[in-house]
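Got the structure open in your viewer? Here is a short tour, one selection at a time.

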Amino acid sequence: MTDFEALLKRPGLAWMGQNTTHLEPPPEVVAALEESTRRREFQFYAPAFGLAELRELIVADLGLPGCTAMITDGAVGGLYHICTVQAPGLSRLITTDPGWPWPGRFVHLQGVPVTTVEVYSAEAGYKLTAAALAEVIEPRSLLYLIDPLNPLGSSYRRDELEAIVELARASDAIVVHDCTYRHFADGHTLVAELYPEGTLTTYSFSKWLGLAGLRLGAVVGHPELLGRLTGTPSAPLGANISAQRAAIAGLRVKEPWLRELRQVNSRNQQIVTEAVEHTPFGRVLVRPSHGNFLAVDIGGHRWSADQVCAALLEQDVFIRSGTYQSPAFGERFVKVSTSVPTSWAERFAAAWTGLR
Ligand SMILES: Cc1ncc(COP(=O)(O)O)c(C=O)c1O
């Protein structure tokens with residue numbers, strides 16, 4: 001397990017391992033945090049489902065009229081709650097390898113079996129195909145669909161989601177559409193538009209707004225479906241109140257902020273890709289990535305993914321081994337986060353080029 005506390009003590013470290021955002025934040029967001037502190041809002045609890053304005057802004061950001069949002073302690077707090085509440089009625093959870101391991105672990109704790117579909121192949125487009133899903137879906141499944149997919153950077157087209165939804169609807173399955181990286185995608189369709197009665201959408205402020213340490217996210221769904229979760233809220237005393245003020249400020253300046261962020265992100269993806277291409281080993285798997293990260297296949301090299309990461313860490317560049325997100329393929333790839341200062345991407349490039 002990575003020792004994050006030790007990494008936090010390294011002031012010169014380029015944080016390119018957790019898909020967090022490290023640009024100069026919008027001044028409006030910083031001002032909202034300062035104002036909240038000045039008013040000593042930290043002495044209050046927030047409402048159990050979050051501030052009304054924030055909940056409305058999130059629904060509007062997604063463009064899902066008729067849905068409601070429940071604010072959670074990061075997207076992962078929402079995922080934990082979904083898994084806890086839904087587990088007794090589930091036959092299984094279906095997800096991908098590579099993917100993000102936590103929801104599978106959450107339901108597993110409650111005795112629900114987990115099926116992981118392997119998607120590390122160009123033929124599959126590095127994502128879950130409807131054909132592969134058809135082989136494993138059964139009544140009362142929960143499909144945990146990460147889109148864009150951390151760690152590969154693939155995203156689902158509307159027609160692909162339509163085929164997936166057809167299967168989900170026929171099996172009365174719940175789809176949890178994890179949209180943590182949606183704001184980085186070029187064009188993104190919400191499963192909730194196609195399957196409103198069976199979809200819960202999870203939302204995060206950690207990546208696009210760079211609020212990872214403040215722990216703020218949401219679950220969005222139609223009132224009937226969301227009602228199963230709000231009956232017993234996951235954070236009955238409310239999520240971080242100052243974080244909610246910061247998130248409101250961020251959503252108000254979303255357009256210019258995203259323009260800048262996405263520009264930096266693609267520039268950095270270009271730098272990282274060129275560095276990888278100009279060395280004899282490594283291959284960017286999905287280009288362009290729809291997330292703020294790139295997966296780099298290192299197959300055929302004598303080093304393991306963990307060894308590559310260790311070598312870069314010696315150069316003060318933190319990237320992530322695939323082993324964190326993929327039992328089946330983890331030794332074959334590393335992940336490099338790109339919503340960071342361009343000087344960090346250049347440091348990555350220099351360190352990668354120096355690998356022998
Ligand atoms: C796919 C996915 N879902 C959820 C999360 C957690 O997001 P949050 O920081 O909002 O809890 C992450 C964080 O890396 C993630 O990659």
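Select Ser206 and the ligand together: a polar atom of the Ser206 side chain lies 2.6 Å from a ligand oxygen atom. Bear in mind as you look that this is a predicted model.

Next, add Arg215. An N or O atom in the Arg215 side chain is 2.7 Å from an oxygen atom of the ligand. Then bring in Thr180, where the partner on the ligand is a nitrogen atom, 3.3 Å from an N or O atom of the Thr180 side chain. How much of the ligand does the protein bury? Of the 390 Å² that the ligand exposes when taken alone, the protein buries 93%.

Now show the pocket surface. The ligand sits in the largest pocket. Select the shell around the ligand, and you should have 14 residues, with Ala75, Asn150, Asp178, Ser204 and Ser206 the closest. Colour the shell by residue class to see six nonpolar, five polar and three charged residues.

Which element gives the most to this shell? Select helix H4, residues 74-86: H4 leads with three residues. Strand E5 (141-146) is also worth highlighting, as it supplies at least two.

For the last stop, leave the ligand and select strands E9, E10, E13 and E12. These four form an open, antiparallel sheet in the order E9-E10-E13-E12. At its edges are E9 (283-284) and E12 (320-321), each pairing on one side only. Zoom in on E12 and E13 (residues 333-337), which run antiparallel and are joined by two bridges. To find a bridge, pick Arg320 and look across to its partner in E13, Lys335.

Terms used
Residues are numbered from 1 along each chain as its sequence is written. This is a predicted model: local features need pLDDT of at least 70, side-chain atom pairs count only at pLDDT 80 or more; totals for chains, interfaces and linings use all residues. Side-chain values use heavy atoms; hydrogens and water are left out. A residue is near a molecule or strand if one of its heavy atoms lies within 4 Å of it. A polar contact is a pair of N or O atoms within 3.5 Å; within protein, one must be able to donate a hydrogen and the other to accept it, and residues adjacent in sequence count only if both atoms are side-chain atoms. Accessible areas come from the Shrake-Rupley method with a 1.4 Å probe; for residues, only the protein chains shown count as cover. On a 1 Å grid over the protein atoms alone, a cavity is a set of points where a 1.4 Å probe fits but cannot get out, and a pocket is an open set with protein on both sides within 12 Å along at least five of seven lines; lining residues have an atom within 4 Å of a point. A molecule sits in a cavity or pocket if more than half of its atoms lie within 2 Å of its grid points. Ala, Val, Leu, Ile, Met, Phe, Trp, Tyr, Cys and Pro count as nonpolar, Asp, Glu, Lys and Arg as charged, and the others, Gly among them, as polar. Two strands pair if DSSP finds at least two bridges between them.
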